[in-house]
Amino acid sequence: MHKEDALPPDPIPPDPPGTDPYVPSRRRVDRERYKRRRALRATAIAAVSTLVTGAVLFLAVVNSPGWERTRATFFSADYAREAFPLVMEGLWLNLRLLAVCGAAVLAIGMLLAVARTLRGPAFFPLRALATAYTDFFRGLPLIICLLMVVFGVPALRLQGVTTDPVVLGGTALVLTYSAYVAEVFRAGIESVHPSQRAAARSLGLTHRQALRHVVLPQAVRRVVPPLLNDLVSLQKDTGLVSIAGAVDAVYAAQILAGKSFNYTPYVVAGLVFVALTIPMTRLTDWVTARTDRRRTQGGTA
């Protein structure tokens with residue numbers, strides 16, 4: 001072996017500051033360019049197909065024999081301008097119901113879920129009551145629950161019990177939705193692996209502390225998307241309190257429609273609810289995608 005062969009190789013000089021040492025290959029540049037062209041092509045095709053479909057539907061509706069009468073009855077600009085302020089005034093009641101009932105639903109649903117997951121024979125009555133409550137109100141249609149609470153409670157003539165239709169309608173919403181939310185929370189609690197609880201107990205935590213500090217935080221994070229879906233449904237169903245006589249957005253539209261026999265106010269109220277629901281739906285989709293992405297990457301959901 002020559003003496004020169006034993007010498008270490010010359011060190012590679014460092015790149016000067018401010019330069020990028022990575023230069024993509026020609027194949028990679030072509031592949032990225034192809035992906036961009038393909039994405040632009042897909043976007044263009046989707047836009048054109050959407051415009052064509054919309055134009056076909058629009059022409060089919062506009063050229064129908066009863067379109068003029070339908071337009072005057074459901075899409076009158078004059079009645080829409082008249083109805084919009086009253087509908088927005090009634091919408092304030094729907095938003096308050098959403099805030100109060102949503103908080104109550106989350107609290108009661110969590111209590112029901114925890115009651116159903118308690119172990120031991122001493123808690124059997126509590127588990128049975130929580131199970132009966134959940135099964136009954138999940139099976140009972142919301143409109144029937146509203147009618148029973150709104151008209152049945154005042155008929156009892158109980159001392160100290162309110163007959164306010166807003167309070168009674170909100171109570172019916174809480175009774176029904178807390179049963180659905182309880183099942184969502186229970187599914188989240190049961191999805192946490194038992195080893196998490198066992199590890200917490202081995203560290204000296206009591207059953208209550210393990211549930212509070214270990215199990216429930218993981219369970220709540222996992223069920224945020226379905227909880228948001230229930231919140232979207234609750235937002236729409238707050239309009240059902242109008243059957244009790246509460247002047248919300250739907251009842252305000254009903255009053256105007258009853259005066260003129262024009263149903264444009266109903267369309268205005270429906271569009272207002274849609275405008276509120278779409279952002280919440282998009283938020284739900286974003287949270288769901290984020291949760292799935294973190295779970296796929298091995299992070300904590």
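## A tour of the predicted model

Select Asp30 to begin: with a relative accessible area of 32%, this residue is partly exposed. Keep in mind throughout that the model is predicted.

**Stop 1: Asp30 and Arg33.** Add Arg33 to the selection. Its side chain and that of Asp30 meet in a salt bridge, with 3.1 Å from N to O. Both residues belong to helix H1, which covers residues 26-62, and they are three residues apart, about one turn of the helix. Arg33 is partly exposed, its relative accessible area being 32%.

**Stop 2: the whole chain.** Zoom out and colour by secondary structure. The protein has 11 helices and zero strands. Following the sequence from one end to the other gives the pattern α-α-α-α-α-α-α-α-α-α-α. The radius of gyration is 30 Å, well over the 19 Å given by the globule rule for 301 residues, so the protein is more spread out than a compact globule. Turn the model to see its extent: the C-alpha trace spans about 110 × 70 × 30 Å along the principal axes.

Now show the surface. The accessible surface is about 19,700 Å², and 65% of that belongs to carbon and sulfur atoms. Of the 301 residues, 31% count as buried. Among contacts with a separation of 6 or more, 73% are between residues 24 or more positions apart.

**Stop 3: charged side chains.** Colour the charges. There are 34 positive and 20 negative side chains, and the centres of these two sets lie 5 Å apart. How many salt bridges does a search of the whole structure find? The search finds nine.

**Stop 4: Arg81 and Asp78.** Select this pair in helix H3, residues 77-117. The two are three residues apart, about one turn of the helix. They form a salt bridge in which the closest N and O atoms are 2.4 Å apart. Arg81 is exposed, with a relative accessible area of 56%, and Asp78 also counts as exposed, at 52% relative accessibility.

**Stop 5: Arg186 and Glu183.** Go on to helix H6. Here Arg186 and Glu183 are separated by about one helical turn, because they are three residues apart in the helix. Their salt bridge has its closest N and O atoms 2.9 Å apart. Are these two residues buried or exposed? Both Arg186 and Glu183 are buried. Extend the selection to Arg116, Arg138 and Glu190: salt bridges that share partners join these residues with Glu183 and Arg186 into one network.

**Stop 6: Thr163.** Select Thr163, in the loop between helix H5 (142-156) and helix H6 (165-191). Thr163 counts as exposed, because its relative accessibility is 54% and the cut-off for exposed is over 50%. Leaving aside neighbours within four places in sequence, Thr163 is in contact with Pro154 and Leu168. For a distance to check in the viewer, take Val149: this residue is 14 residues from Thr163 in sequence, and their C-alpha atoms are 9.9 Å apart.

**Stop 7: Ala244.** The last selection is Ala244, in the loop between helix H9 (224-237) and helix H10 (249-260). Why does Ala244 count as buried? Its relative accessibility is 19%, and buried means under 20%, so Ala244 counts as buried. Which residues does Ala244 touch, not counting those up to four places away in sequence? They are Val150 and Pro165. Pro165 is 79 residues from Ala244 along the chain, yet their C-alpha atoms are separated by 5.4 Å.

Methods. Residues numbered from 1 in each chain as written. Predicted model: local features only at pLDDT ≥ 70, side-chain atom pairs only at ≥ 80, totals over all residues. Heavy atoms only, no water. Helix = DSSP H or I, 4+ residues; strand = E, 2+ residues; numbered from the N terminus. Rg over C-alpha atoms; globule rule 2.2 N^0.38 Å. Buried < 20%, exposed > 50% of the residue type's maximum accessible area, 1.4 Å probe, protein only. Contact = heavy atoms within 4.5 Å. Areas by Shrake-Rupley, 256 points an atom, 1.4 Å probe, with all protein chains shown as cover. Lys, Arg positive; Asp, Glu negative; His and termini not counted. Charge placed at Lys NZ, Arg CZ, Asp CG, Glu CD. Salt bridge = Lys/Arg side-chain N within 4 Å of Asp/Glu carboxyl O.
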